Amino acid sequence: MSNCKVPCLYCTTENEDTAKTCSNCGMELPDSHPHSGDYRRKRFKWGFWFTVIFCLVMMAYLPR
Ligand SMILES: [Zn+2]
């Protein structure tokens with residue numbers, strides 16, 4: 001993605017990733033520091049595999 005917008009967790013308003021708080025509701029935005037990108041990617045990867053495994057388990061359990 002070319003533009004880095006950070007969606008607010010509370011009101012889903014998109015803020016610049018340099019902003020620390022939401023421009024709409026003033027709540028703290030999720031970390032947007034450069035080094036947190038790795039952590040987020042890692043977490044996304046784990047979430048992805050968890051979803052895949054969850055789907056496989058569900059496919060095995062649920063009758064077709
Ligand atoms: Zn907000």
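**Exercise 1. In what order do the elements of the protein run from the N terminus on?**

Two ground rules before we start. This is a predicted model, in which local features need pLDDT of at least 70, side-chain atom pairs count only at pLDDT 80 or more, and totals for chains, interfaces and linings use all residues. Residues are numbered from 1 along each chain as its sequence is written.

Step 1: Find the elements, taking DSSP runs numbered from the N terminus: helices are H or I with at least four residues, strands are E with at least two. The protein has two strands and one helix.

Step 2: Read them off from the N terminus, which gives β-β-α.

**Exercise 2. Work out the surroundings of Cys-25.**

Step 1: Locate the residue. Cys-25 sits in the loop between strand 2 (14-16) and helix 1 (36-61).

Step 2: Classify it. A residue is buried if 20 or more other C-beta atoms, placed from the backbone, lie within 10 Å of its own, exposed if 12 or fewer, and partly exposed in between. Cys-25 counts as exposed because it has 12 C-beta neighbours inside 10 Å.

Step 3: List its contacts (C-beta atoms, placed from the backbone, within 7 Å). Leaving aside neighbours within four places in sequence, Cys-25 touches Cys-8, Tyr-10 and Cys-11.

Step 4: Take one pair. Cys-8 and Cys-25 are 17 residues apart in sequence, and their C-alpha atoms are 8.6 Å apart.

**Exercise 3. Describe two residues in the loop between strand 1 and strand 2: Leu-9 and Thr-12.**

Step 1: Start with Leu-9. It is exposed because it has 12 C-beta neighbours inside 10 Å. Its C-alpha lies 8.4 Å from that of Met-27, 18 residues away along the chain.

Step 2: Turn to Thr-12, which is exposed, with 10 other C-beta atoms within 10 Å.

Step 3: Check the backbone of Thr-12. Its phi is positive, about 60°, although Thr-12 is not a glycine. Most residues other than glycine have a negative phi.

**Exercise 4. What percentage of the 64 residues of the protein count as buried?**

Solution: 5% of them do.

Methods
Two residues are in contact if their C-beta atoms, placed from the backbone, lie within 7 Å.
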